Amino acid sequence: MDSKHNTEVLIDGKIYTLAGSEEEGYIQRLASYINEMILTLKRQEGFTKQSAEYQNVMIELNMADDYFKAREQIARLEQQKAEMEKETYSLKHELVATQMKLEAAKHELSEAKKE
């Protein structure tokens with residue numbers, strides 16, 4: 001069973017105590033990510049003039065955007081990995097076939113020298 005950790009984080013100027021099974025460093029990285037997202041949006045003209053509800057929705061949408069882009073990148077990388085594994089298998093097969101041809105040629109040469 002995972003042990004619970006209590007971690008204090010600072011998000012948007014407020015301290016929150018979070019409890020969970022994740023390590024403190026990981027929770028701090030999450031808080032840092034959220035803070036960076038908030039700061040980025042607050043720098044945009046007119047953002048802070050919007051309602052708190054609108055600001056929260058925009059933060060959530062930006063995080064969802066990052067999440068879906070990361071998932072798409074993972075899918076692309078997994079596709080590339082599968083293609084590279086297929087190519088590696090093909091190249092290994094080609095190498096084995098070439099080695100067999102080389103051995104056959106060496107054997108032929110050896111037989112020809114005996115004659």
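How far apart are the end C-alpha atoms of α1, and what span should its 19 residues have? The legends below begin with that helix and then move around the predicted model.

**View 1. Helix α1 from end to end.**
At 1.5 Å a residue, the 19 residues of α1 should span 27 Å, and the end C-alpha atoms of α1 are indeed 27 Å apart, so expectation and model agree. The buried residues of this helix are I27, A31, M37, I38 and L41. Looking down the axis of α1, you find these buried residues within an arc of 120 degrees, which means that they line one face of the helix. Their packing partners are β1, β2 (14-20) and α2 (52-114).

**View 2. The largest nonpolar core.**
Which residues make up the largest nonpolar core? There are nine of them: V9, I11, I27, A31, M37, I38, L41, F47 and I59. Two elements, β1 (5-11) and α1 (24-42), each contribute at least two residues to this core. The largest share, five residues, is supplied by α1. For a closer look at one member, pick V9: leaving out residues up to four places away in sequence, V9 touches K14, I15, Y16, L18, I27, Q28 and A31.

**View 3. T7 on strand β1.**
Here we stay with β1, the strand where T7 is found. Is T7 buried or exposed? With a relative accessibility of 1%, T7 counts as buried. Not counting residues up to four places away in sequence, T7 touches Y16, T17, L18, E24, I27 and Q28.

**View 4. D12 in the loop between β1 and β2.**
Follow the chain to the loop between β1 and β2, and you will meet D12. D12 is not a glycine, yet it has a positive phi of about 55 degrees. The relative accessible area of D12 is 37%, so this residue is partly exposed.

**View 5. I34 and M63, one from each of two helices.**
I34 lies in helix α1, while M63 has its place in helix α2. Along the sequence I34 and M63 are 29 residues apart, and their C-alpha atoms are 8.3 Å apart in space. I34 is partly exposed, with a relative accessible area of 25%. M63 is partly exposed too, with a relative accessible area of 22%. Which residues does I34 touch, not counting residues up to four places away in sequence? They are I11 and M63. In the case of I11, the C-alpha atoms of the pair are separated by 7.0 Å, although I34 and I11 are 23 residues apart along the chain. M63, with its neighbours within four places in sequence left aside, is in contact with Y33, I34 and M37.

**View 6. Q55 and its link to Q50.**
Another residue to visit in helix α2 is Q55. At 16% relative accessibility, Q55 counts as buried, because the limit for that label is under 20%. The side chain of Q55 reaches the backbone oxygen of Q50 at 3.0 Å. Setting aside residues up to four places away in sequence, Q55 touches F47, T48 and Q50.

**View 7. Residues 67-115 and H93.**
Our last stop is a stretch that has a UniProt annotation. An unreviewed UniProt entry places the feature "coiled-coil region" at residues 67-115. In the model, the chain over residues 67-115 is 98% helix and 0% strand. How far apart are the end C-alpha atoms of residues 67-115? They are 72 Å apart. H93 is found in helix α2. At 53% relative accessibility, H93 counts as exposed. As a guide to distance, try finding Y26 from here: the C-alpha atoms of H93 and Y26 are separated by 44 Å, and the two residues are 67 residues apart along the chain.

Note on methods: Residues numbered from 1 in each chain as written. Predicted model: local features only at pLDDT ≥ 70, side-chain atom pairs only at ≥ 80, totals over all residues. Heavy atoms only, no water. Core = buried A, V, L, I, M, F, W, Y, C linked by side-chain atoms within 4.5 Å. Buried < 20%, exposed > 50% of the residue type's maximum accessible area, 1.4 Å probe, protein only. Helix = DSSP H or I, 4+ residues; strand = E, 2+ residues; numbered from the N terminus. Contact = heavy atoms within 4.5 Å. UniProt positions renumbered as here; feature names shortened; annotations may be inferred. Expected span 1.5 Å × (residues − 1). Arc of directions from axis to C-beta. Polar contact = N/O pair within 3.5 Å; in protein donor to acceptor, adjacent residues only side chain to side chain.
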